[in-house]
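Welcome, and take a moment to get your bearings. Please have a look at the sequence and the 3D structure, and then we can walk through some details together.

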Amino acid sequence: MSVLLALPVLLPLVCAATAMLFWRRLRVQRTIAVLTALGHLASTLALFVEVRRFGILVARFGDWPAPYGIVFVADTFSGLMLVTTSIVTLAVTVYSLSSIDADRESFGFFPLVCALLMGVSGAFLTGDIFNLYVWFEVLLIASFVLMALGGERKQLEGALKYVTLNLVSSSIFLAGLGLLYGSMGTLNLAQLSVRVAEATDPGFVTMLAMFFLLAFGIKAALFPLYGWLPSSYHTPPTAVSALFAGLLTKVGVYALIRTFTLVFTNDPTFTHRAVLLGMATVTILAGSLGAIVQRDLRRALSFTIVASVGFAVLGLAVSGGASQELATLALAGTIAYVIQAMVVKTQVFLLSGIVRRLSGSFDVARIGGLYASAPGVAILFLLGALALAGVPPLPSFIPKVAVLRAAFGEGLGVYAGVALLGSLLMLGAVARLWSHAFWRAPMERPHESDDDAPVNLVFRFIPVTGLTVVLVLLGVGAGPVFQVATEAARQLLDTDGYVRAVLGGAR
Amino acid sequence: MVTPALAILSLFTLGLLAPFLFALLPRHAGKLLCLPPAFWCGWFWSKTPASGQTWTSPWIPELGITFSFRLDGLASLFAILITGIGAMVLLYTEGYCGAKPGSGRLYGLLLLFLASMLGVVLADDAILLFLFWEATSVTSFLLIGFEHERANARRGAVQALMVTGGGGLALLAGLLVIVQQTGQGRISAWGPLAGDPLYLAMFALVAIGCFTKSAQFPFHFWLPNAMTAPTPVSAYLHSATMVKAGVYLLARLSGSLGGTEVWTWTLTLVGGATMLTGTLLALRQTDLKRLLAYSTVAALGTMVFVLARGGAEAASAFAAFVLAHALYKGALFLVAGAIDHTADSRDAFRLGGLWQRAPVLATASTLAGLGMMGVAPLAFLAKETLVDGLLSPPDVPSLIVFGVMAAGAVAIAGIVAFRPFFGKADPAIADGHKPDAPLLTGPAVLAVLGIVGGLTPTFVFERIGGPVAAAIGGGTDPHPWALWHGFGAPLAFSVGTLALGLAVYRAWPAWIARAAPWPSFGFDRAYDAGLRGTVSVARAFTRTIQNGRLRAYLQTTIATFLVLVTLAAVRWNPSPQIRLDTALPHEALLALAMLLAVLAAVRSVSRLAAVVTLGVVGFGVALTYALFGAPDLAMTQIAVETLTVILFVLTFYHLPRFARGSGTRTRAVDALLATGVGATMAAITLVASQRLLGTPISAHFAENSLAEAHGRNVVNVILVDYRGLDTLGEITVLSIAGLGVVALWTFGRRAAKGGSA
């Protein structure tokens, strides 16, 4: 069973290494990439099934017991995140088969995707906070190279902002780690949870919590730390930005949820109900406002990522210090929301690539006419856009209801109101995109695209349609989805259960 | 057991399939597609709901959301209207669109809307209701913008979506507050809520949702703009069904939220204002559809106005009016579309004499027009019932408002129903084509039903009025409907409004001819201003935050760090126990040297000097490690530092000339932030070193690395054994970094070559 926990990390690592051995043979690399994604999906699905059957699973590397060695811990939440990661990666990999140019492919595009997958999987699995830092580094360097690959000027500019701000995040994270280890004497999350709960000086712990809140907040793109995201996501090829849109911020959100339910729960009045709540609420507004005014389709979509991160963190913030019932509701909402957001973001970003392919531009003022000329794309986009705006019955609606209900129940109606206002702004933003790009009569065909070689779009439509099907299933199956999310939320709130699973009797 | 769900699901599926059916049989799509709704109409009619029948199955138990549907008198009335008029409209669409390509979408969307609307009136679960409610908003958006290459169609669609969508979010909030307070998701299980401490919030939020959806003052402006939709859509959504969703929900919740002063006053005032606004604005229009749209606004106001009163009698009057209005207004809209088809014009001022060309249409129009005037039996009955209620005891202000609305309706009916057929034609109006059967069936059937229904008042009362009164009025209306109320005040009122209306009708052409274009009414403009305002706020905000300058992002990030840590420190409020007197002289000297080197690096104007001084700092760090018992770390640090300096020096050659890019102010801010972070980190580190809150696990490594892991070098054992996974990750980082360097280097060189070529 331990192998199942290691596979999501080992498989991409081995595949990345293998693919690099076939440096000049792109066909082999492509095959390996697709097989990796498929294998990853199989392994995470198996892991998810096992976790549902047996509860929290723990793997000890080198068989060293926690807290001395590094452990991987899989609970329902990480299982969900992993499966979704696999789905997103599979879709993007298939999409990239026909959309990434040979230049980029021949400089290690596929090994880099594998490395990114490795980093993300490690982050979702690890039960050790320093090890989390290592995975952050892996995915940071892999994503940086992916973003810069191709070396276009615009790309390098975006990549520079991306990497600089994320290095600041890393520095803060590392500083926090040093202080945490220096004072708590351990890096194991379960043991940290115990020691924080017993700490004689919780005020100091709260101050340390700020380091992690900031480090993860930058990764997650919370207000006012999200500057890197809209500066960079529209610069690389579509497949790359779609992969980032689906995975990167979600790792930050995951880390926030993990640490602020397991470790830093000593002062929720301040950490959750003041800092996180405030930042989340403003993030929702900032993202929606940003999305309204963008002309570049991908920039507009980038801002919708910011808004959705705000909404996900809102649930976490509400859960802190809430009654058991409402905390479960809020966290379940957050989890279900994050899962669907990963799928939606990838879907809309991949679609933006098809839109650009069909219309020759990312500029919504110049696209036009796709409702008539490409009704299939229009329907796919409409579903994605409605999911962005949280319109029922798309899968973002029920999580929203859960979080809002918890917020109302906790007397945080004002914040719920702001979140709803954000939803309205988001609705306006996507209505505008739709009205411009799909309804308005086509402009004279702009030709900005260097990606004009006649290729078969099938490899682009298959993954987008696949993701849309997942989206619709998540919406139609809201009952079971929310049930699993609730289970995951209960596990997160039951920190004793986590500690028992990791440390056994030895605290 | 699952029949309402089956009705919704089957019609929804039909909607998804409709475009394909249209592709196969473009000439007969309407005839075929209207059959299922007609069947369901019959089914709903045959189900006489005695006390309300409920179907429930679990959906999301964690949130208390169920798939529950309920069929009572109120739901039954609306379900019959939705399916019945829906069938007529689908049939009409065949005549309206013919085999025009793209009409498949119209059929499909109409059916999707039909299913959603049915969901709204049948759902018993609050969240389920909202789900369908939003689905009607979205389908309405797509239908209003159906002729999407026209700018005003897109504008109308987005406006309707924003107004009803915004109201929808308020409604969602209201429903969630009620669910949270009652712990009950089923609407039928909500008791009176007037005593709840959050009653006002509940009422206000729900009311906003209902008022926006039902185009109540001051949200009425979206409805006329929605007339850019194809006529079947206007007839169906924006007259007969969707706009009544808000009214429906108010009626549905009148048992829970109604009966309070706030309810009565709000609904009376809003409904009254809407009646007056709709009537007065209608008379300024010449476009048939806009005339009808404003008169629909007035009618919706009337419904809200009636609901304000509460009780069985009002409920029964409400039912009569909803039924009558849906029939005559639906018919008139369809007639307007047929006129447009026949004469290629919708200009009520210029149209005339069409009865010769379209006698059947003229008849249908006349019958429906009589309904709108309140003369045809069903409408007369509705009007008398309403007036009866207002007269006992006499409520003078309400009577006046209602009188204005009724007289206005008479005049508008004359303008839209009679004038185009029997008035004098403007010769400029082109000859069109004759309307064919599908175009005529809908209006004819609806108009005739309006007459027939009124001729059997007892029957209709027992089937419609009574059950509605039982469902929302909490009892039975003691006065069954009757056509003849005797010579009395209600009849006098009817005659009076009729006379007044006819006078207005006669004066109307002269008035329109004379009237300079009035200054456009404010709310549509207010919406535009609001939209512009939002966009400029959004733009200003985004430009400030997302200004594209990396330096600004860094400043923001670091400032946030300082603020959060300071806040936490203030909250913590520790007793300052930082002791510096334990430092030995050589340690202090080292610290001072590093500090000076940093200052020199910052102040330096030459790159080489900066690198050298930074190197001093690096070696200082190494020395610190050595002093505090970590010689291995010190060695590593020296190696890294040396390499860094060498790399820096090597790259100098490629760097542009050293320049100061920033002014004094930015440098001051930077200095402040940098000092702040440095000081904060130093303080925290000092505090942390004195605050050990748990036994460090490092002792375990020191003791056991030889015994367990068979290695003498504890650090190495940790790196490759205890924490080997970390090392694996770091190796991966290095490899990818190497890969990246190669890739970027090559791309960079290629770009340079390409640039020179």
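How far apart are the end C-alpha atoms of helix α20 (residues 489-514) of chain B? They are 37 Å apart, which agrees with the 38 Å that its 26 residues should span at 1.5 Å a residue. That expected span is 1.5 Å times one less than the number of residues. Helices here (H or I, at least four residues) are DSSP runs, numbered from the N terminus.

Before going further, a word on what you are looking at. This is a predicted model, in which local features need pLDDT of at least 70 and side-chain atom pairs count only at pLDDT 80 or more, while totals for chains, interfaces and linings use all residues. Residues are numbered from 1 along each chain as its sequence is written, chains are lettered from A and ligands numbered from 1 in the order in which they are written, and side-chain values use heavy atoms, with hydrogens and water left out.

Let us stay with α20(B) a little longer. The helix bends by about 40° at Trp508(B), and a proline, Pro509(B), follows within four residues. The bend is the angle between axes fitted to the seven residues ending at a residue and the seven starting there. Trp508(B) is also one of the buried residues of α20(B), a list that includes Leu491(B), Phe493(B), Thr497(B) and Ile512(B). Buried means under 20% relative accessible area, exposed over 50%, and partly exposed in between (1.4 Å probe, protein chains only). Those buried residues of α20(B) pack against α16 (377-391) and α17 (396-422) of chain B, where contact means heavy atoms within 4.5 Å.

Now for the charged pairs. How many salt bridges does a search of the whole structure find? There are 22 over all chains, a salt bridge being a side-chain nitrogen of Lys or Arg within 4 Å of a carboxyl oxygen of Asp or Glu. One of them joins Arg723(B) and Asp128(A), at 2.5 Å from N to O. This pair crosses between chains, from the loop between α28 (714-722) and α29 (724-756) of chain B to the loop between α5 (109-125) and α6 (129-148) of chain A. Both Arg723(B) and Asp128(A) are buried, and a network of salt bridges links them with Asp726(B).

Within chain B, Arg551(B) forms a salt bridge with Asp670(B), with the closest N and O atoms 2.5 Å apart. Arg551(B) lies in helix α22 (residues 550-572) and Asp670(B) in helix α26 (residues 664-689), so the pair ties together parts of chain B that are 119 residues apart in sequence. Arg551(B) counts as partly exposed because its relative accessibility is 33%, and Asp670(B), at 25%, counts as partly exposed too.

Finally, turn to two loops with some backbone features. Most residues other than glycine have a negative phi, and most peptide bonds are trans. In the loop between α9 (202-220) and α10 (228-232) of chain A you will find Pro224(A), joined to Phe223(A) by a cis peptide bond with omega of about -5°. Ala221(A) is in this loop between α9 and α10 of chain A; its phi is positive, about 70°, and at 0% relative accessibility it counts as buried.

The other loop, between α8 (199-213) and α9 (222-225) of chain B, holds Pro218(B). A cis peptide bond joins Phe217(B) and Pro218(B), with omega about 0°. Ala215(B) lies in the loop between α8 and α9 of chain B and has a positive phi near 55°. Ala215(B) counts as buried, at 0% relative accessibility.
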